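The following paragraphs lead the reader through one protein structure. Please keep the sequence and the three-dimensional view at hand while reading.

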Amino acid sequence: MRHRIRLALAALLVLPSGCGLTSGSPMTDDVEPGTIGRGRPLAGAHLTVTSKEFTEQLILGAIMGIAFQAAGADVLDRTGIQGSIGSREAVRNGDADAQFEYTGTGWITYLGNSRPITDPREQWEAVRDADLRNGLTWLPPSKLDNTYALAMNRAGFEKYRTKTLSEVAALSKKDPGAVTLCVEGEFANRADGLPGMEKAYGVSVPAKNVTQMDTGIIYTQVAKGSCTYGEVFTTDGRIRSMNLVVMADDKKFFPNYDATPVVNTATLKKWPAIASVIDPVTRKLDNTVAQTLNAKVDVDGEDPHQVALDWMKQEGFVR
């Protein structure tokens, strides 16, 4: 998955040079406080915001930076870091001050746990408590859950009428040829991917029915009907733009990957207003918002920072 670590070695190779961070550039948005940032509680702060390199992260990084600017901070933009380790390490060691991270990534990838916690609130609390020793503070999470799912096109849905993964499993047993999958190579082999999903739902899809391909191609192939179901990410804008139907994970197998502001603890102690500035924004984020914003970039070709700025103004957070 995009916010998991595909190649840890590749990410580690960029760490010696400032955790893969470039020098960054100042954010110069002409914004004033709206419903956040009143009184400019971050005036005098010099904060560096970072993110990973994929669309959603670029948007979230920009949203965070714009919020801090409205509250009076000077913000350095170091978003778009390749891989997961680079951006996390930057916040941990103080090269950056804050980013949006995902609870499942923190719990499984960074903290080394093998089993996710089903309840999203409990998952966040566990990550928050465990990561304090690493000098990182997880603020309250959003409802934006960028996790795995299977989706099909509208024609396939009209034909098979499956709405849940349990129904997909039942269909596979009843009509094995009906369930063909388009997935990433990583998903095909991860414990929290296809093998684990098959075990959890008591089904085994024949290897000949599984085609591995790059993420972007999956969406177009599912939309065309080249495979009945495709692995998708629940906040991807292409789900809506291509009118795909997402299967509910009714057994709650896939981990929760709730987007959450993570701040260097020393920075937060110096500038505690960071929490109150970003919290209203975080509470507004959910999968519908993410799909809409992501689609503006991935489907319409808009700039991620401009998309973030437009949304912040539309919601009245800044003006």
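A residue is called buried when its relative accessible area is under 20%, exposed when it is over 50%, and partly exposed in between, with a 1.4 Å probe and protein chains only. Accessible areas come from the Shrake-Rupley method with a 1.4 Å probe, and for residues only the protein chains shown count as cover. The model is predicted, so that local features need pLDDT of at least 70 and side-chain atom pairs count only at pLDDT 80 or more, while totals for chains, interfaces and linings use all residues. Residues are numbered from 1 along each chain as its sequence is written, and side-chain values use heavy atoms, with hydrogens and water left out.

The disulfide is a suitable place to begin. A disulfide is a pair of cysteine sulfur atoms within 2.5 Å, and the structure holds 1 such link. Its partners are Cys-182 and Cys-227, with a sulfur-to-sulfur distance of 2.1 Å. The angle about the S-S bond is -125°, and the link of Cys-182 and Cys-227 is left-handed. Cys-182 belongs to strand 7 (residues 181-183), whereas Cys-227 is in the loop between helix 10 (215-224) and strand 9 (229-233), so the pair ties together parts that are 45 residues apart in sequence. Helices (H or I, at least four residues) and strands (E, at least two) are DSSP runs, numbered from the N terminus. Both ends of the link can be described by their accessibility: Cys-182 counts as buried because its relative accessibility is 2%, and Cys-227 counts as buried because its value is 4%.

Two further buried residues may be located next. Ala-149 is part of strand 6 (residues 148-152), and its relative accessibility of 4% is why Ala-149 counts as buried. From Ala-149 to Gly-193 there are 44 residues in sequence, and the distance in space is 9.4 Å, C-alpha to C-alpha. Leu-293 is placed in helix 14 (residues 287-298) and, at 6% relative accessibility, also counts as buried. Leu-293 and Tyr-219 are separated by 74 residues in sequence and by 17 Å in space, again C-alpha to C-alpha.

The salt bridges come next. A salt bridge is a side-chain nitrogen of Lys or Arg within 4 Å of a carboxyl oxygen of Asp or Glu, and the structure holds 10 of them. One of these joins Asp-129 to Arg-128, with the closest N and O atoms 2.9 Å apart. Asp-129 is partly exposed, at 46% relative accessibility, and Arg-128 is partly exposed as well, at 27%. Another salt bridge links Glu-315 with Lys-284, where the closest N and O atoms are 3.6 Å apart. Glu-315 is in the segment after helix 15 and Lys-284 is in helix 13 (residues 273-284), so this pair ties together parts that are 31 residues apart in sequence. The relative accessible area of Glu-315 is 26%, which makes Glu-315 partly exposed; Lys-284 is partly exposed too, with 38%.

Arg-161 takes part in a salt bridge and also has a notable backbone angle. Its salt-bridge partner is Glu-158, and the closest N and O atoms are 2.8 Å apart. Arg-161 is partly exposed, with a relative accessible area of 42%, and Glu-158 is partly exposed at 47%. In the chain, Arg-161 is found in the loop between helix 6 (154-160) and helix 7 (165-174). Most residues other than glycine have a negative phi. The phi of Arg-161, however, is near 60°, a positive value. Arg-40 likewise has a positive phi, near 50°. Arg-40 is in the loop between strand 1 (25-26) and strand 2 (46-52), and its relative accessible area of 34% makes Arg-40 partly exposed.

Which residues form a negative surface patch? Asp-300, Glu-302, Asp-303 and Asp-310 do so. Patches are made of residues with over 30% relative accessible area and no salt bridge, with like charges joined within 9 Å and nonpolar side chains (Val, Leu, Ile, Met, Phe, Trp, Tyr) within 5 Å. Lys and Arg count as positive and Asp and Glu as negative, while His and the chain ends are not counted. Asp-310, one of the patch residues, lies in helix 15 (residues 304-314) and is partly exposed, with a relative accessible area of 37%.

Terms used. The place of a charge is taken as NZ of Lys, CZ of Arg, CG of Asp or CD of Glu.
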